[in-house]
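Okay, thanks for squeezing me in. Let me put the structure up, and then I'll talk through the side-chain pairs, the surface and the confidence.

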Amino acid sequence: MIEYFYFRSSLDSAEQDIEHLEAKLERLVKVCNIMIETGKTFKKASSDFIVGVRDLASYFKTDDLLNNCLSKFAHEMTEMLKYFTILLDQANRSVCQNIQKLIKTDIKKVKDSRKDFEKISDDLDSALNRNSNVPRTKVQECEEAKNILTSKRSGFAHASLDYVFQINVLHSKKRFDVLETVDELREKAKQERREMEERHTLVQKKLVCLLYPCSSNDNCRYQFMLRKTI
C-alpha cells in the first residue's frame, strides 16, 4: 500500500512537470510565430524602402558617383533581406515546427497514455469495491468478482508500465530536442552574422574607394583608415 501511494505521488509530480513544460513550449511557439509575422512586416517595409532607394538612384542617373552609391546600397540591403528571410525560415523550422512536434507527438502520447491509465485505474477501483462488497456466502458472485479483479489488476499493471514508459521517453527527449533546436538556430544566426559582418566590411572599403578615389593602394589604405577615424 505504501508503494502504491508513493507511485501515485511520483506520477502526480511528473504530470505537473509535463503540464508546466507544455505551457512553456506553447508560449515559446506563440511568441516565435509573432516574431515571424512581425519579421514579414519588416521585410515588406524594407523591400519598399529598397524600391525607393533604386527609384532615387534612377533620378541621379547622370551623376555616376551618387547613382553608384545608391545602387550599391540598394544591392546590399537586398542581400541583407535575403539573410533575414533565411533566418526567419530557420526560426520557423527550428523552433515552431520542432517544438510543435514535441507538443503534438511526444506530449500527446503521454496524455493519451494517461487517459488509458486513469480509465483502468477507475475500473480497478470499481472491481476492488465490488469484490469487497460481495457476500461471501454467494460463491458464484465471489468467483466472478475475483476474476474481474484479477483481470483489472493485470490491465492496471500493463497501463502503468506503458504510462511510466511514455513519461520517461518524454523526459529523455525534451532536453535533447530543446537543446538541438536552440543550437541549430544559434549556429545559423552566428553564420548569418559572420557573413553580414564580412559583407559590411567589404562595402565600407568599396564606398571609401568610390567616394575618395586614389592612385595607389597605399593611399587608399591610408584614406580608408583616415575615414574610419573621422
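So, let's start with the aromatics: this is a predicted model, and the count of aromatic pairs in it comes to 5. For anyone who hasn't done this lately, a pair of rings gets described by the distance of the centres and the angle of the planes.

Take Phe 42 and Phe 84. Their ring centres are 5.1 Å apart and the planes sit at 70°, so that pair is edge-to-face. Phe 42 is in helix H1 and Phe 84 is in helix H2, so the two rings tie together parts of the chain that are 42 residues apart in sequence. Are they buried or exposed? Phe 42 comes out as partly exposed, at 40% relative accessibility, and Phe 84 is partly exposed too, at 24%.

The next pair is Tyr 59 with Phe 60. Here the centres are 4.9 Å apart with the planes at 90°, so we call this one edge-to-face as well. Tyr 59 has a relative accessibility of 64%, and since the cut-off for exposed is over 50%, Tyr 59 counts as exposed. Phe 60 is partly exposed, at 26%.

And then there's a cluster: Phe 117, Phe 156 and Tyr 163 group together as one aromatic cluster.

Let me zoom out for a second, so you know what those helix labels refer to. What is the make-up of this protein in helices and strands? We have 4 helices and 0 strands, so reading from the N terminus you just get α-α-α-α, by the DSSP runs. H1 covers residues 2-59 and H3 covers residues 139-211, H2 covers residues 64-133, and H4 covers residues 217-229.

If you look at contacts with a sequence separation of 6 or more, 76% of them are between residues 24 or more positions apart. Of the 230 residues, 26% count as buried. The exposed area is about 16,000 Å², and carbon and sulfur atoms supply 57% of that.

Okay, charges. How many salt bridges does the structure hold? The number is 15. I'll show you a few.

One of them is Lys 174 with Asp 17, where the closest N and O atoms are 3.2 Å apart. Lys 174 sits in H3 and Asp 17 in H1, so this bridge ties together parts that are 157 residues apart in sequence. Both ends see some solvent-accessible area: Lys 174 is partly exposed at 21%, and Asp 17 is partly exposed at 31%.

Then there's a local one, Asp 89 with Arg 93, with the closest N and O at 2.9 Å. Both residues are in H2, 4 residues apart, which is about one turn of the helix. Asp 89 is partly exposed at 39%, and Arg 93 is partly exposed at 35%.

Now back to a bridge between helices. Lys 152 pairs with Asp 123, the closest N and O being 3.9 Å apart. That links distant parts of the chain, with Lys 152 in H3 and Asp 123 in H2, 29 residues apart. If you're setting cut-offs yourself, keep in mind that a salt bridge here needs N and O within 4 Å, and this pair is at 3.9 Å. Lys 152 counts as partly exposed at 25%, and Asp 123 counts as partly exposed at 23%.

There's also a network: Glu 15, Glu 19, Arg 114 and Glu 118 are all linked by salt bridges.

On the surface, which residues form a nonpolar patch? That would be Leu 28, Val 31 and Ile 34, with about 240 Å² of accessible area together. Val 31 belongs to H1, and it's partly exposed, with a relative accessible area of 36%.

Last thing, confidence. The protein averages a pLDDT of 80, and 80% of the residues score at least 70. Where is confidence lowest, and where is it highest? The lowest is helix H4, with a mean of 46, and the highest is H1, at 88. Over residues 218-230 the pLDDT stays under 50, and the model has 13 contacts beyond four places in sequence for that stretch. Where pLDDT is low, the predicted coordinates shouldn't be read in detail.

Okay, that's my tour. Happy to take questions.

Technical notes
Residues are numbered from 1 along each chain as its sequence is written. Side-chain values use heavy atoms; hydrogens and water are left out. A salt bridge is a side-chain nitrogen of Lys or Arg within 4 Å of a carboxyl oxygen of Asp or Glu. Helices (H or I, at least four residues) and strands (E, at least two) are DSSP runs, numbered from the N terminus. Buried means under 20% relative accessible area, exposed over 50%, partly exposed in between (1.4 Å probe, protein chains only). Rings of Phe, Tyr and Trp (its six-membered ring) pair if their centres lie within 6.5 Å; planes under 30 degrees apart count as stacked, over 60 as edge-to-face and the rest as tilted. Patches are made of residues with over 30% relative accessible area and no salt bridge: like charges are joined within 9 Å, nonpolar side chains (Val, Leu, Ile, Met, Phe, Trp, Tyr) within 5 Å. Accessible areas come from the Shrake-Rupley method with a 1.4 Å probe; for residues, only the protein chains shown count as cover. pLDDT is the predictor's confidence in each residue, from 0 to 100. Contact means heavy atoms within 4.5 Å.
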